[in-house]
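Colleague: I am new to this one. Could you show me how to read its contacts?

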Amino acid sequence: MSVKKRLFWSHILMFALPMLTYLLFSFLADRLSWLYLLQQRFSSMADFQYHVRLTEHFSRWFTLVGLALTLVIVKRFLSRGVLKKIEGSLRELSDGLRQLREGDLSCRLPLTEEDEFSAVRTDFNATAAQLQQLVEEQQQNDRNRQELLAGISHDLRSPLTDIRAYTEGLLDGVAQTEDSRRQYLTIIRDKTRDLQGLVNKLFLFSRMDLGRNEDHPEPVTLHDELQQLHMVLASEYADKGMDIAYLFPEQPRSRILADPDTLHRIVTNIAENSCKYGASALDIALREAPAFVSLTFTDNGPGVPPDSRPHIFDAFSRAAPARNEKVSGSGLGLAIVSRAVRNMGGRIIAKNAQPHGLTLEIQLPRLED
Amino acid sequence: MPHILIVEDDRAIARIEKDYLELNGFQVTLAEDGETGRKLALQQPFDLICWM
């Protein structure tokens, strides 16, 4: 019951109960007086009048005292009823606040009763929910950062170990023929190149993460850019055992606002990712809608398990079963792609292809013709 | 000549380990993963197995 209702009823009772008691007590006093008078033997008229006055006095005081007692009791009783409600609600609130302060952010107040405190309770719950969300996001960020650090150190360490081992091998004279010395040097060069690529990606990624967008966007005809890119990448990846096909509609002429370098990076990173996970074919499909263009990359690799799909755009995430030494690379490729797409005002969606493989769909806002 | 089996998934590291050991007069067989290593170890006797 709300405080208002309680007050209303307490006022009614505060009035009604003393009334009833007054009636009850005067009735009782009357009865008692009669009983008393009936038991007396009166010697004279004056004696009778004296006793009548006595009973009148008695009735007056009896009723008065009864009324006073009732008032005191009723008041105590009723104010407690109202106060208990207020105190109870305040205690509930302060208990909730204490729980929050002690770190139990899942604490919520029950919203069963509709009263003066409902609004406060609703606000309390909303604030607690917000706080909980903020703290969880913060914790997730911390975890990501830790994983980022662990990923960076791991990915820097293994090529460094290789470089050191092969350099020492050369110094120790392990490579005894000119041919094997060349092989050693080639390995050192390749590992250094890997390292450099990783550091470049890391640099780019951290700048993007800080929100420094260094794109120089210009209107480009997407089809022309993609055709060029496809030519370069198709021959490069044919050597690595992956066929890249480019499918486009008739008379593609959509233009978008993009930095050609960034566009290049997006396509290269996706191709690199597919190849890394052992896909043997990658289809790039361009579709044009009135307001946007859609670029779909579909490979025939292992795809991504549904539970890790939300994380494939996180830095240093590698699909769990594939996270081993054979899949090299930083896990930065797709993180860079998703940030670049976002910087261009577009969006990227990942889903699994049939029967197996990964499909990435990028939608970019289209410029008016 | 003592025969050593090295199970190591980092090819570059496996290769240089092999070169070092062969230079020092050991015969070395490489396995890239545990399963291959297990099969090799069951097929023939090795003097030492290094499981990385």
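Colleague: How many residues does the contact take from chain A and from chain B?

Modeller: Keep in mind that this is a predicted model. Contact here means heavy atoms within 4.5 Å. By that rule, chain A gives 17 residues and chain B gives 10 residues.

Colleague: What area do chain A and chain B bury between them?

Modeller: About 1100 Å². Carbon and sulfur atoms account for 56% of it.

Colleague: Which parts of chain A supply the side that touches chain B?

Modeller: Look at α3 (118-172) and α4 (178-209) of chain A; each supplies at least two residues. α3(A) gives the most, with 7 residues. By class, this side of chain A has 5 nonpolar, 6 polar and 6 charged residues.

Colleague: How many salt bridges cross the interface of chain A and chain B?

Modeller: The rule finds 0. Polar contact is another matter: 6 residue pairs across the interface, with both residues at pLDDT 80 or more.

Colleague: Now a helix pair inside chain A. How do the axes of α5 and α6 cross?

Modeller: Take helix α5 (residues 222-239) and helix α6 (residues 260-276), both of chain A. Their axes come within 11 Å and cross at roughly 40°. The crossing is right-handed.

Colleague: Which residues meet there?

Modeller: From α5(A), they include A:Leu226, A:Leu229 and A:Leu233. From α6(A), A:Leu263, A:Val267 and A:Ala271 are among them. By class, the contact of α5(A) with α6(A) has 10 nonpolar, 2 polar and 2 charged residues.

Technical notes: Residues are numbered from 1 along each chain as its sequence is written. Chains are lettered from A and ligands numbered from 1 in the order in which they are written. This is a predicted model: local features need pLDDT of at least 70, side-chain atom pairs count only at pLDDT 80 or more; totals for chains, interfaces and linings use all residues. Side-chain values use heavy atoms; hydrogens and water are left out. Axes are lines fitted to C-alpha atoms, for helices over the stretch in contact, and angles run from 0 to 180 degrees between N-to-C directions. Helices (H or I, at least four residues) and strands (E, at least two) are DSSP runs, numbered from the N terminus. A crossing is left-handed if the near helix is turned anticlockwise from the far one by less than a right angle, and right-handed if clockwise. Ala, Val, Leu, Ile, Met, Phe, Trp, Tyr, Cys and Pro count as nonpolar, Asp, Glu, Lys and Arg as charged, and the others, Gly among them, as polar. Buried area is the accessible area (1.4 Å probe) that two parts lose on being put together, summed over both. A salt bridge is a side-chain nitrogen of Lys or Arg within 4 Å of a carboxyl oxygen of Asp or Glu. A polar contact is a pair of N or O atoms within 3.5 Å; within protein, one must be able to donate a hydrogen and the other to accept it, and residues adjacent in sequence count only if both atoms are side-chain atoms.
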